[in-house]
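Work through these exercises with the structure open beside you. Try each task before you read its solution.

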Amino acid sequence: MYLRLSDGDMDAGGTARPESGSISAQRNLVTAYISAREEFKDYEVIEFADDGYSGTGFSRPQFVRMMEDAKKGKISVILVKDFSRFGRDYLEVGNYLERIFPLLGIRFISVNDCFDSADCRGMTGGMGVALKNILNAMYSRDLSVKIKTALNTRAADGICMVSFAAYGYRKDPADRHRLTVDPEAAEIVRRIFSMAAEGITKTGICRCLNEEHVPTPTEHMRRNGVNRTVFHEKKIKLWTVTTIRDMLKNEVYLGKTIWNKSRRPQAGAKRQVKNDRSQWTVVEGTHEPLVPQEIFDRANARAFTHVPKKNAACGRPGLLIMCPYCGRRMSHGGSGHPNYRCMQAGFSGITECAQSRIRRETLENLILNCTKEIAAMVSAAYKQKKAQRTQKLMLSGEIQALEDEKKRISAGKFRLYEDYRSGACSREKYMQELEKMRERLAEIERMVSEMERLAEEAEEQGEAAGRKEESLADIAALHDFDKAVLSGVIDRVYVYGPDRVEIVWKTDDIFYQEDLPEERKAVNPQEIFQAEEQKKQAEEF
């Protein structure tokens, strides 16, 4: 049974609950349906319930788990209260009913809709089902508009509806729609604004906080029991320029509640679109301010004095060149800067970050030459393997010889039987010879089957090797540093310093370790570069 309730359905008091009442009602309805039918008497019933998830999307955790079990053959029947509990996207629901469930051999039952796919004889119920699914999608869009209107009304009244309180505040335990001051974090916020107002740069503020090991906002929240998921989270937590920039621009520290800064273009969409400031809902005096307006204005005036520039060419989004000490990207800052360097070195508080620095030309030549060297080695290994696999195709001749022997033995069986019938050989001798022939035929069958498998496998491997050889030839022929091509075989590059560089290959792509000669599996990129430099110097000399 699959049960679902949208997060728009709440108790009258708007309080949170461990399980919604509607989930219990759905469970009772579906359970009663199962109990009333003798055909389900010996079935094992598994429950999947998504409480608080919209039906417009299908990335609900329990729904995903149910479909994984269905693909493994663990489920033969799926029951829901009605189509809207399964999903509100009529195209996607139709796809499941028309294609996915029949392919998996799953029977689908919607109790309130009186729909049972076993009664449809290859059809999904015709226009009735399609219309219900379209109505569910329309209802979902209408419900989305109503919810947005209700939220905008509450926002206009100054009610705080954010999921997580801004750093420096915490949600009031007595009223989760009200913000109260977090003394420890509030002191850091005031200090950041004061430093910015005094003219200290965002980089300087980061350096100061990191050197003093002040917990980052994420660390502070987790220490206080708030478990917030952060995408692309780094192992080493640092105050960054981005964090400081966002804090300095956040008007929540002036005691304002701001709503509708962004929107989703349509119901169920994951992408957020920023709204113009004229569309924001701003209510002042909803909570205690942490920063006076004068300090806020002065901090912003001094922190944002330049016109934002477009991102310089620093290896994005192709090749990942990383600092191994802080785990952040490195940059060369554009054509006018000759060095790759760790951009966090000035404020990370990690002294080793300053070592993560290398000349741009040196690094790019090193990566290019090392990749070409590896490509040449792997290509040679592929040629050797390709030749070996081609030789295996000679098994076809041996297979033919075994098939000829099989025919001779079969003919010999008839001759042996004629000799037995004519009395030329005794029954005992006949049975002995016949058993030998049967054993040899069984052995030939096994040998032919194994050889055919090896020949087929050799042919497939030879074709794959040929395709990879072509890809490697393109890499080996590179003359210039091409990030797009190199990122296809390099996962990331770590720069420990001018004398140590580590290249991590995408081993599940082209560069398989098993394809390298044993003595060349461990390759030092610096050795390759030094050899190239020595060769170049010798040629110049």
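**Exercise 1. Strand β1**

Find strand β1 and decide which of its residues point the same way, then find its partner strand.

Solution. The model is predicted. Start with the side chains of β1, residues 2-5. Tyr2 and Arg4 point one way, while Leu3 and Leu5 point the other way. In a regular strand, side chains alternate between the two faces of the sheet. Tyr2, Leu3, Arg4 and Leu5 are all buried. Next, look for the partner. β1 pairs with strand β2, residues 48-51, in the parallel sense. The pairing runs over 4 bridges. Across from Arg4, in β2, stands Asp50.

**Exercise 2. Two packed helices**

Classify the packing of helices α6 and α10 from the angle between them.

Solution. Locate α6 at residues 183-197 and α10 at residues 293-303. They pack at an angle of about 55°, and their axes are 7 Å apart. Now apply the cut-offs: under 35 degrees is roughly parallel, and 65 to 115 is roughly perpendicular. The two helices are therefore oblique to each other. The crossing of α6 past α10 is left-handed. Then list the contact residues. α6 supplies Phe193, Ala196 and Ala197. α10 supplies Ile295, Phe296, Arg298, Ala299, Asn300 and Arg302. Sort the residues of this contact by type: 6 are nonpolar, 1 is polar and 2 are charged.

**Exercise 3. Asn210**

Is Asn210 buried or exposed? Which residues does Asn210 touch, leaving out those up to four places away in sequence?

Solution. Asn210 sits in helix α7, residues 202-211. Its relative accessible area is 7%. The cut-off for buried is under 20%, so Asn210 is buried. For the second part, skip residues up to four places away in sequence. Asn210 then touches Leu238, Trp239, Phe347, Ser348 and Gly349. Take Ser348 from that list. Asn210 and Ser348 are 138 residues apart along the chain, yet their C-alpha atoms are separated by 5.7 Å.

**Exercise 4. A sheet of 3 strands**

Give the strand order of the open sheet that contains β16, and name its edge strands.

Solution. The order is β12-β16-β17, and the pairing is mixed. β12 (321-322) and β17 (500-505) each pair on one side only, which makes them the edge strands. Now follow one pairing. β16, residues 490-497, pairs with β17 in the antiparallel sense over 6 bridges. The bridge partner of Tyr494 is Glu502 in β17.

Key
Residues numbered from 1 in each chain as written. Predicted model: local features only at pLDDT ≥ 70, side-chain atom pairs only at ≥ 80, totals over all residues. Heavy atoms only, no water. Axes fitted to C-alpha atoms, helices over the stretch in contact; angles between N-to-C directions. Parallel < 35°, antiparallel > 145°, perpendicular 65-115°, else oblique. Left-handed = near helix turned anticlockwise from the far one by under 90°. Contact = heavy atoms within 4.5 Å. Nonpolar A, V, L, I, M, F, W, Y, C, P; charged D, E, K, R; others polar. Buried < 20%, exposed > 50% of the residue type's maximum accessible area, 1.4 Å probe, protein only. Pairing = 2+ DSSP bridges.
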